[in-house]
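This briefing is meant for a reader meeting the structure for the first time. Please look over the sequence and the model below before turning to the notes that follow.

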Amino acid sequence: MNFSIFNVLLIIGIVQGFVFNIVTIIGRKKINKTIIYLNLIVLFLSLNNLQDWLIENGYTANSFLIKKMLLPWYMLIFPMFYMFLINYLKVKVHLKYVLKVSLYVFLFQIILRTSINLYTSFFQPILENILMDRYILVEEIFNAIFGLLIIYQSALLVFKTKKAYLPISEFDDIKWLKIFLILGSIVILFWIFAIVIQNLNGNKLAYYPLRLCTSLLLYWIGYQGLHRYNIVNDRILLRRSMNSELKPALSLSFRELDKELKPFFSEKHKVDFNTINNHIIHHQKFLDPSLNMDSLSKELNMSTSHLSKVINGLSRYNFSDYINSFRVEQAKRLLSNEEFAKYTIVAIGLECGFNSKSTFYSAFKKFTSQTPTAYRGKS
């Protein structure tokens, strides 16, 4: 029995995958297609790695018929990822036949492998190893190419067909999906390379690091996908509530900034400051994570230098801190409101205009001397 570091890490990954499935399914009141496909990705990977580990370490029957009756779970990982992708991005029509075709191919491969197994076992026992090994090679090459084609179609959707998922792009920049697709393509190329190496010299060592890297990558997409999906859903619901309930009260909370006006500024500066302040509040410009001084100055028909001078002189903040002060105030109101207790803190920060969790926590602590988590706990 081989207790190499690769085997240990593989077993840890397998257990982690099954735990992920159990916790995700049991821990959710409502299961939709996106979550189902995400769990199937992790499940099929875990089943495939468990099957390979059992065979390689001798935990199988001695019968050739049973030993060679492996299920190609790995070929289902790619179509499940594609189905997760189109459901996560809420793409209405985009090669949905992929799932049906994949299931037919999966069943056909099982039938074909079973037929070869039965034929060689009962009629040509001398050729059983040769025929089965050749079939496994052809099957694996086909599945690798099939997986590469699905990754290619997924990449076209993410990188080229941006209009198809435009609504979701407001809530997620999907950089994590782009990274996964690039890494996934590299892994499949290494998979094809491992197939070639094994076929040339019979050495299976090339599969160990490949299997480990694939496991880490796909378990990562599982946890990342679940995390992102929860945030996107929270942000969609949060935006509806914020637009209908929080706008008027926020404008009242920022009238106190007028008290900080410095006496040596002219009345025009004071008027311009109020114009800037009211424009940002009324149009909720601070909720836009891409807001910058150039875009704001064009909207207000002011020069950037004048805008900077007014904000720096009359608000006691530089432009970045001035905008973040609005965002933090909005976040404080959401965090202290029981109606928003069910939403994640990260989703609240992103919907308040911050572009990442780290910038939200940093700015919030700067203005309140405590983290968002601590603030919510005391509210």
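On the side of α1 facing away from its buried residues, the exposed positions are Ile5, Ile12, Ile22, Val23 and Ile26. The model is a predicted one, and its secondary structure comes to 17 helices and zero strands. Of the protein's 379 residues, 45% count as buried, and among contacts with a separation of 6 or more, 74% join residues that lie 24 or more positions apart.

**Helix α1**

- Helix α1 takes in residues 5-26, and because 22 residues at 1.5 Å a residue should span 32 Å, the 32 Å between its end C-alpha atoms agrees with expectation.
- The residues of α1 that count as buried are Asn7, Leu10, Gly13, Ile14, Gly17, Phe20, Asn21 and Thr24.
- These buried residues cover an arc of only 140° around the axis, which puts them on the same side of α1.
- An α-helix has 3.6 residues a turn, so residues three or four places apart point the same way.

**Asn49, a buried residue of α2**

- Asn49 is found in helix α2, and with a relative accessible area of 2% it is buried, because the cut-off for that class is under 20%.
- Once its neighbours within four places in sequence are left aside, Asn49 is in contact with Leu10, Ile14, Arg211, Ser215 and Tyr219; of these, Leu10 and Ile14 are also listed among the buried residues of α1.
- Gly13 lies 36 residues from Asn49 along the chain, and the C-alpha atoms of the two are separated by 8.8 Å.

**Helix α16**

- Helix α16 covers residues 357-368, and since its 12 residues at 1.5 Å a residue should span 16 Å, the distance of 16 Å between its end C-alpha atoms agrees.
- Phe360, Ala363, Phe364 and Thr368 are the buried residues of α16.
- Seen down the helix axis, these buried residues of α16 fall within an arc of 110°, so they line one face of the helix.
- What covers the buried residues of α16 includes the helices α14 (319-335), α15 (345-351) and α17 (372-378), whereas Ser358, Ser362 and Lys366 are exposed on the other side of α16.
- After α16 comes Ser369, which has a positive phi, near 65°.

**The largest pocket**

- The largest pocket holds about 1,100 Å³ of space, and 41 residues line it, with Asp52, Tyr74, Glu140, Tyr207 and Arg211 lying nearest its centre.
- At least two lining residues of the largest pocket are supplied by each of α2 (33-56), α4, α6 (128-160), α8 (175-201) and α9, and the largest share, eight residues, comes from α8.
- Sorted by class, the lining of the largest pocket has 21 nonpolar, nine polar and 11 charged residues.
- Arg211, one of the residues nearest the centre of the largest pocket, is also one of the residues in contact with Asn49.

**The second largest pocket**

- About 620 Å³ of space lies in the second largest pocket, which is lined by 24 residues, and those nearest its centre are Phe171, Arg235, Leu350, Phe354 and Asn355.
- Both α9 and α15 supply at least two residues of the lining of the second largest pocket, with α9 giving the most, nine residues.
- By class, the lining of the second largest pocket is made up of nine nonpolar, seven polar and eight charged residues.

**The enclosed cavity**

- Rolling a probe the size of a water molecule over the atoms shows where empty space is left.
- One cavity of 30 Å³ or more is present in the structure, and the space in the largest cavity is about 40 Å³.
- The lining of the largest cavity is formed by Thr34, Asn87, Tyr88, Lys90, Tyr229, Val232 and Asn233, and the elements that give two or more of these residues are α4 (74-88) and α9 (207-245).
- Helix α9 gives the most to the lining of the largest cavity, with three residues, and by class that lining has three nonpolar, three polar and one charged residues.

Conventions: Residues are numbered from 1 along each chain as its sequence is written. This is a predicted model: local features need pLDDT of at least 70, side-chain atom pairs count only at pLDDT 80 or more; totals for chains, interfaces and linings use all residues. Side-chain values use heavy atoms; hydrogens and water are left out. On a 1 Å grid over the protein atoms alone, a cavity is a set of points where a 1.4 Å probe fits but cannot get out, and a pocket is an open set with protein on both sides within 12 Å along at least five of seven lines; lining residues have an atom within 4 Å of a point. Grid points are joined across faces, edges and corners, and a volume is the space filled by probe spheres set on the points. Helices (H or I, at least four residues) and strands (E, at least two) are DSSP runs, numbered from the N terminus. Ala, Val, Leu, Ile, Met, Phe, Trp, Tyr, Cys and Pro count as nonpolar, Asp, Glu, Lys and Arg as charged, and the others, Gly among them, as polar. The expected span of a helix is 1.5 Å times one less than its number of residues. Buried means under 20% relative accessible area, exposed over 50%, partly exposed in between (1.4 Å probe, protein chains only). The arc is that of the directions from the helix axis to the C-beta atoms. Contact means heavy atoms within 4.5 Å.
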